[in-house]
Amino acid sequence: MATMGHGLNLKETELCLGLPGGGGGGGGGGSEVETPRASGKRGFSETVDLKLNLQTKEDLNEKSASKEKTLLKDPAKPPAKAQVVGWPPVRSYRKNMMAQKVNNTEDTEKTTSNTTAAAFVKVSMDGAPYLRKVDLTMYKTYKDLSDALAKMFSSFTTGNYGAQGMIDFMNESKLMDLLNSSEYVPTYEDKDGDWMLVGDVPWEMFVGSCKRLRIMKGSEAIGLAPRAMEKCKNRS
Amino acid sequence: MQQQQKVAALSYSFPEEVLEHVFSFIDSTKDRGSISLVCKSWYEIERWCRRRVFVGNCYAITPAMVIKRFPKVRSITLKGKPHFADFNLVPEGWGGYVCPWIKAMAVAFPCLEEIKLKRMVISDDCLDLIAKSFKNFKVLVLISCEGFTTDGLASIAANCRNLRELDLRESEVEDICGHWLSHFPDSYTSLVSLNISCLANEVNFPALERLVSRCPNMHTLRLNRAAPLDKLANLLRGAPQLVELGTGAYTSEMRPEVFTNLAAAFSGCKQMKGLSGFWDVLPSYLPAVYPVCSRLTSLNLSYATIQSPDLIKLVGQCQSLQRLWVLDYIEDAGLDMLAASCKDLRELRVFPSDPFGLEANVALTEQGLVSVSEGCPKLHSVLYFCRQMTNAALNTIARNRPNMTRFRLCIIEPRTPDYLTLQSLDSGFGAIVEHCKDLQRLSLSGLLTDRVFEHIGTYAKKLEMLSVAFAGDSDLGLHHVLSGCDNLRKLEIRDCPFGDKALLANAAKLETMRSLWMSSCSVSYGACKLLGQKLPRLNVEVIDERGPPNLRPDSNPVEKLYIYRTISGPRLDMPGYVWTMEDDSAYLE
C-alpha cells in the first residue's frame, strides 16, 4: 500500500499560503513565504506532492462518514466554506453556464467576482470501464484532488497507483523513472488541447485551464514530460 | 322490460369503432389507464388505439412489454436517471440508456412520430437509427440528456423529412461541428420548434437564417450563447411570426445601428409571447425588447447577470407575465415591483447568483417572496433560493396562497433556523402543507425536526413529490411521510438521519411509489438486502463507490440507495458501483 511521503523536501513542495511571487489564490497573508521570484512564476520544484495514494479501508470509512470536505487550515486566512456535493441544488448545467463568462466591457466587477465558477471535467482512467466527472472547484489543492481521484478509482488499481510518491518535475531522472514504469500518473488536457502532466502549474491556473483528466500508465505519459517543461518555460 | 333488454343489447353490441372514437378524445395517461380497467373488451380496444405512452422510469418496464400491450404507439416519453443526477449525486455511467428502446421500437413502431427523453443517455448511432427507421418522425425532445454529438444531429437533419420539433434542452452535446444544421435539405420546410441553447459552439449562421426563413410555421427558436446579437435582427426579420425566442449572448459592441435594427426587428414580432436566453447581457441593449414586453407571458432571465434597477425597468413593462425565471439580482425591491405590476403571474423561479459565497451578495430575503404571494393571486408554482427565512413569512405565504401546487424553497445554508426566533422552520412548512391542500410538489430546507414530517404526513394528502435535505432527527420523520402521504410518488432524501426502521415498517408503501432515493442517510446494507428479498416487484439498488457492500458488515450504512418499482426485474446494465439486492436469499456473496 502507498505510504505517506518519503521526506523528500516535502516542505518545499507543500502548497502553503504566500506562494512564491504571490501567485494565485489568497495573495499575501501567508505565514510561509518561499523565496520570492521576480517572474512570479513557480518552478516545478514548488509543485505539490502529487501522490495518488490508495487509502486503507479505515481511511475510506472515515472519509465517507463526514461528507463535507475540509480545506487546508491556515490561521491567516478565514476558513473557506466547505463545499458539499450537490448543495445548494443548482443544476450542473446551470453551474457550467454561469461559469462561462464572456469578456464584457460593461460587466460590473461585482457580478463577475462573486460567481464561483464550477469546472466539471471528465476523468477517465486507462482500463477503467467508466468515466467519472469531477467539479475541480470542489478542491483547493492538488492533494485534495489526488485523494479524491484515488478514492474514485480505487477499485480498479492494484496498488500501483501512487505508490511511487510525488512527481518531482525538477529531477529529470526520477521523472523518467516514473514515466517508464507501470505506475499511473494523472494527466490533463488544457485549453490549447495539449496533454500535460498534472501538477505543473499553480492550482488555480490548473483549474482554469483543465478541460479533462486522464489517468494513464507512466509509460504512456512519457511523451508529455518534455512538452510540459517546454510549455512552462514558454509561459514565463 | 323490453326497454332494459334493448339497452343491454346495445351495450353488448356497441361497435368497437364507436368506442375507439370516443376514446380518441381522451389523452391523459391516467384516464386511459382507468378506461382500460373497466372490462376486458375496453382494455383490448383501448390498447389498440393508445397513441401516447409515458414511462416515468425506463427501468420499470421493458420495451417488449410496452410494445406487446400497445402495438400502435405514435409517441413515447421516457425518463431515466433519478432527479438528483441533476446535482451530480449520481455517478457517471449509472444507466438510463435509451438504445434498447430505440432498437425495439425501430422494428415495432414504424409509424412512431415522437420521442421525448429526460435524463437519458443517447448515442449518435441511436440518433441515426431514429432518423432512418421512422418515416414520419416529427418530434425529438432531449431534456438533460447526454452521450451524443452534433454528428447525430446531422443525421436527424438529413433524414427526417417531416421533423417539426427538435428540442435539446439542457443536454450535454459534444459539439464537433456547427455545420450539422446544413444537413437540413433545401426542400425541408416543416420546422416548428428548434431549441439548440445547450450547444457550445457557433452553428453555421447563414444555414440557420435560411432554415428559419423557409419554415413558415416556425413558432419557437432558442439560440445558443454563441449566437451573435448583431445577427439576431436579421434572423427575426425572417421569422416575424415567432412566438418563443431564446436569444444568444445579449451583448455586442455598443453600436447604434445594431440597437436600432434590433428594436425594429422586435417591433415586427407581433406574436411574441416568450423570451429567454439573455446570457452576458449588456443592459443598454435591453430596451430593444420593449416593443414585445406588454404581450410577454413567459420571461426567462435566469442567466442574465444584470442588476436590480435594470431588471425592474424590464419586468415592469411586462404586465401580462405569467411565468418569470430570474436571478436573485432582482432583490426584494424587484419582487415588490413584480407583485405590483404582474397580476397574472403564475410561476416564479428565483435562482442564486452566488450559491457558494459565504454571505449574501444581494438584498433578497424572505420578504420578496411574501410580497409576490400577496400581490399575485394566481401564483401557484414557486422555486426560491434565499439565505434567510422565518416561520412568520412561511405562514403568511401559506395563508395568502392556498392555491399553491409547487413550492420549492432552498435556504442556501443547510439547517438554517428562523432567523428571528432561532427556532426550526417546522411550523412554517407545516402551515404550507396545511393551507395549500392541492400541493403536489414540495422541497424543504432550513432547520427542520421530525415535527415537520408529522405535519406533512398529516396534511399533505395530494403531495406527489417531496425533496428533503439535512432535515429530521430520527426514523419517525420518514415514517410520518411514508405512512401519511397517500399520493406520494417520488421521494428523494439526502443527508438525513433516517435508517432502517421506517423503511422496513413501510416497505409495502414503496410499491405504490415510482421511486425512492436516499443518499448519505443511515440505511444499512442488511436492510437493503431484506427489502430486496421481501419485495420482488421493487428493484433495490445500492450505489456505493467504496466497493462491494458485502465486504463490509451488514450494519454498515450504504452510501446511496435507489429503490423503484418495476415489472421487469433487476436491470442488467448497471455499472460496477451499483448492486441490485436480489429477491431470493441465494445471491452471490
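Start by selecting Glu541 and Arg571 in chain B: their side chains meet in a salt bridge, with 3D positions that put N and O 2.9 Å apart. Glu541(B) lies in strand S21 of chain B and Arg571(B) in the loop between S22 and strand S23 (578-580), so this pair ties together parts of the chain that are 30 residues apart in sequence. Is Glu541(B) buried or exposed? Glu541(B) is buried, because its relative accessible area is 0%, under the 20% cut-off. Arg571(B) is buried as well, at 6%. Keep in mind throughout the tour that this is a predicted model.

**Next stop: Asp554 and Lys529 in chain B**

Stay in chain B and pick Asp554(B) together with Lys529(B). Here too the side chains form a salt bridge, 2.9 Å from N to O. Asp554(B) sits in the loop between strand S21 (538-543) and strand S22 (560-565), while Lys529(B) belongs to helix H22 (residues 525-534), so the contact ties together parts 25 residues apart in sequence. Colour the two by accessibility: Asp554(B) counts as partly exposed at 39%, whereas Lys529(B) is buried at 10%.

**A loop with two positive phi values**

Now move to the loop between strand S16 (406-411) and helix H17 (426-435) of chain B, and select Arg415(B). Its phi is near 60°, a positive value in a residue other than glycine. Most residues other than glycine have a negative phi. Which other residue should you select in the loop between S16 and H17 of chain B? Leu422(B) lies there, and Leu422(B) has a positive phi of about 60° although it is not a glycine. For solvent exposure, Arg415(B) is partly exposed at 44% relative accessible area, and Leu422(B) is exposed at 62%.

**Helix H9 of chain B**

Select residues 205-214 of chain B to bring up helix H9. Its buried residues are Phe205(B), Ala207(B), Leu208(B), Leu211(B), Val212(B) and Arg214(B). What do the buried residues of H9(B) pack against? Show strand S8 (193-195), strand S9 (220-222) and helix H10 (232-238) of chain B, and you have their packing partners.

**The F-box span**

Go to residues 14-55 of chain B, which UniProt lists, in an unreviewed entry, as "domain: F-box". The C-alpha atoms at the two ends of this span lie 31 Å apart, and the span is 62% helix and 10% strand. Within it, switch on the surface for Phe14(B), Val18(B) and Val22(B): these residues form a nonpolar patch with about 230 Å² of accessible area together. Val22(B) has its place in helix H2 (residues 16-23) of chain B, and at 42% relative accessibility it counts as partly exposed.

**Across to chain A**

Before leaving chain B, select Asp86(B), Arg119(B) and Glu170(B) along with Arg91(A): the four are linked in a network of salt bridges. Over all chains, the structure holds 38 salt bridges.

Now show chain A as a cartoon. Its secondary structure comes to nine helices and five strands, and from the N terminus the elements run α-α-α-α-β-β-α-α-β-β-α-β-α-α. Of its 236 residues, 47% are buried. Among contacts between residues at least 6 apart in sequence, 65% join residues at least 24 apart. Chain A exposes about 11,600 Å², with carbon and sulfur atoms supplying 51% of it.

**Strand S5 and its partners**

Select strand S5 (residues 210-217) of chain A and strand S1 (residues 120-125): the two pair in the parallel sense over four bridges. Then add strand S3 (residues 184-190), which runs antiparallel to S5(A) and is joined to it by seven bridges. Centre the view on Arg212(A). Lys122(A) stands opposite Arg212(A), and Arg212(A) is also the bridge partner of Glu189(A).

Still on S5(A), pick Arg214(A) and Asp126(A), whose side chains meet in a salt bridge at 3.0 Å, N to O. The pair links distant parts of the chain, 88 residues apart, with Asp126(A) in the loop between S1 and strand S2 (132-135). Arg214(A) is partly exposed at 25% relative accessible area.

**Last stop: a cis peptide bond**

Finish at Trp87(A) and Pro88(A), which are joined by a cis peptide bond with omega at about -5°. Most peptide bonds are trans. To find the spot, look for Pro88(A) in the loop between helix H2 (57-65) and helix H3 (92-99) of chain A.

Note on methods
Residues are numbered from 1 along each chain as its sequence is written. Chains are lettered from A and ligands numbered from 1 in the order in which they are written. This is a predicted model: local features need pLDDT of at least 70, side-chain atom pairs count only at pLDDT 80 or more; totals for chains, interfaces and linings use all residues. Side-chain values use heavy atoms; hydrogens and water are left out. Two strands pair if DSSP finds at least two bridges between them. Buried means under 20% relative accessible area, exposed over 50%, partly exposed in between (1.4 Å probe, protein chains only). Contact means heavy atoms within 4.5 Å. UniProt positions are given in the numbering used here, feature names are shortened, and annotations may be inferred rather than shown by experiment. Patches are made of residues with over 30% relative accessible area and no salt bridge: like charges are joined within 9 Å, nonpolar side chains (Val, Leu, Ile, Met, Phe, Trp, Tyr) within 5 Å. Accessible areas come from the Shrake-Rupley method with a 1.4 Å probe; for residues, only the protein chains shown count as cover.
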